[in-house]
Amino acid sequence: MTLIEIVKEFINIAKKQPNINYTFEGDVYKLSSQPNVKYSIFGVTQSTHRQEQDTIIYTLNLFYMDRLKQDESNLLQVQSNGIMMLGNIINLFSYNNDDVEVDFNINYTTFSHKIAEVCGGAYCTVNIRVDNGIGICGFE
């Protein structure tokens, strides 16, 4: 599986989840310039990827965000939903893709932040190991 296939698979799984109404790949801070974003949001950003002799480890950051009430009384509920939703998306990704190995040692970070609106949610970093199709050989 390639990087683009992995990202697209995460996005496709997220689109099928209840209450996920907007998905993105790329810079989370660009959401503030997006008109008419419908919450809840799922996003994927890239971190550093690593190649070993026969494998590649892709490192991705996954985000879940939702709008907070004016008094922010739903912050804990939104953060809890975020952890559950991200965990479910990662589980489905792993279950649907036998050719990848997901590192399930995952830390979730909760947050509240104003992007386009005051939002809360959670994000995590996930490592996905796949076979390196070219190994240490070169092609001409």
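Leaving aside the neighbours within four places in sequence, Thr23 is in contact with Ile11, Ala14, Lys15 and Phe42. I start there, in a model that is predicted, and work outwards from that residue. Thr23 sits in strand E1. Its relative accessible area is 18%, so Thr23 is buried, the cut-off being under 20%.

Now the helix. Helix H1 covers residues 3-15. How well does the span of H1 agree with 1.5 Å a residue? Its 13 residues should span 18 Å, and the end C-alpha atoms are 19 Å apart, which agrees.

Which residues of H1 are buried? They are Ile6, Val7, Phe10, Ile11, Ile13 and Ala14. These buried residues cover an arc of only 165 degrees around the axis, which puts them on the same side of H1. Ile4, Lys8 and Lys15, on the other side of H1, are exposed. Two names from the start return here: Ile11 and Ala14 are among the buried residues of H1, and both are in contact with Thr23. Lys15 also is in contact with Thr23, although Lys15 is listed as exposed.

What covers the buried residues of H1? The cover includes strand E1 (22-25), strand E2 (41-46), E4, helix H2 (75-96) and E7.

Next, the strands, beginning with E1 and E2. In which sense do E1 and E2 pair, parallel or antiparallel? They pair in the parallel sense, over 4 bridges. One of the residues to look at is Glu25, whose bridge partner in E2 is Val44. Strand E2 is mostly covered, with 5 of its 6 residues buried.

On to E4. E2 and E4 run antiparallel and are joined by 6 bridges. Within that pairing, Asn61 in E4 has Thr45 opposite. If you are tracing side chains along any of these strands, a general point helps. In a regular strand, side chains alternate between the two faces of the sheet.

E4 also pairs with E7. How many bridges are there between E4 and E7? There are 13, and the sense is antiparallel. Here Ile56 stands opposite Val130 in E7.

E7 has further partners. Strand E5, residues 100-102, runs antiparallel to E7 and is joined to it by 3 bridges. Val102 is the residue to find there, standing opposite Ile128 in E7. Strand E6, residues 108-114, is also antiparallel to E7, with 7 bridges joining the two. In that pairing Thr110 stands opposite Ala122 in E7.

So much for the backbone; now the charged side chains. As general background, side chains of opposite charge can pair when their charged atoms come close. How many salt bridges does the structure hold? It holds 2. Glu52 forms a salt bridge with Arg50, and the closest N and O atoms are 3.3 Å apart. Arg129 forms a salt bridge with Glu52, with 2.8 Å between the closest N and O atoms. Arg129 lies in strand E7 (residues 118-131), while Glu52 is in the loop between strand E3 (50-51) and strand E4 (55-67), so this pair ties together parts that are 77 residues apart in sequence.

Arg50, Glu52 and Arg129 are thus linked in a network of salt bridges. Are these residues buried or exposed? Each falls in the class between. Glu52 is partly exposed at 31% relative accessibility. Arg50 is partly exposed at 46%. Arg129 is partly exposed too, with a relative accessible area of 27%.

Last, the cysteines. For reference, a disulfide is a covalent bond between the sulfur atoms of two cysteines. The structure holds 0 disulfides. Cys119 is in none, and the nearest cysteine sulfur, that of Cys124, is 17 Å away. Why does Cys124 not bond to Cys119? The sulfur of Cys124 is 17 Å from that of Cys119, its closest cysteine sulfur, and that is too far for a bond. Cys119 is buried, at 1% relative accessibility. Cys124 is buried as well, with a relative accessible area of 1%.

To finish, back to the start. Thr23 in strand E1 is in contact with residues including Ile11 and Phe42, and E1 is among the elements that cover the buried residues of H1.

Notes
Residues are numbered from 1 along each chain as its sequence is written. This is a predicted model: local features need pLDDT of at least 70, side-chain atom pairs count only at pLDDT 80 or more; totals for chains, interfaces and linings use all residues. Side-chain values use heavy atoms; hydrogens and water are left out. A salt bridge is a side-chain nitrogen of Lys or Arg within 4 Å of a carboxyl oxygen of Asp or Glu. Buried means under 20% relative accessible area, exposed over 50%, partly exposed in between (1.4 Å probe, protein chains only). The expected span of a helix is 1.5 Å times one less than its number of residues. The arc is that of the directions from the helix axis to the C-beta atoms. Contact means heavy atoms within 4.5 Å. Two strands pair if DSSP finds at least two bridges between them. A disulfide is a pair of cysteine sulfur atoms within 2.5 Å.
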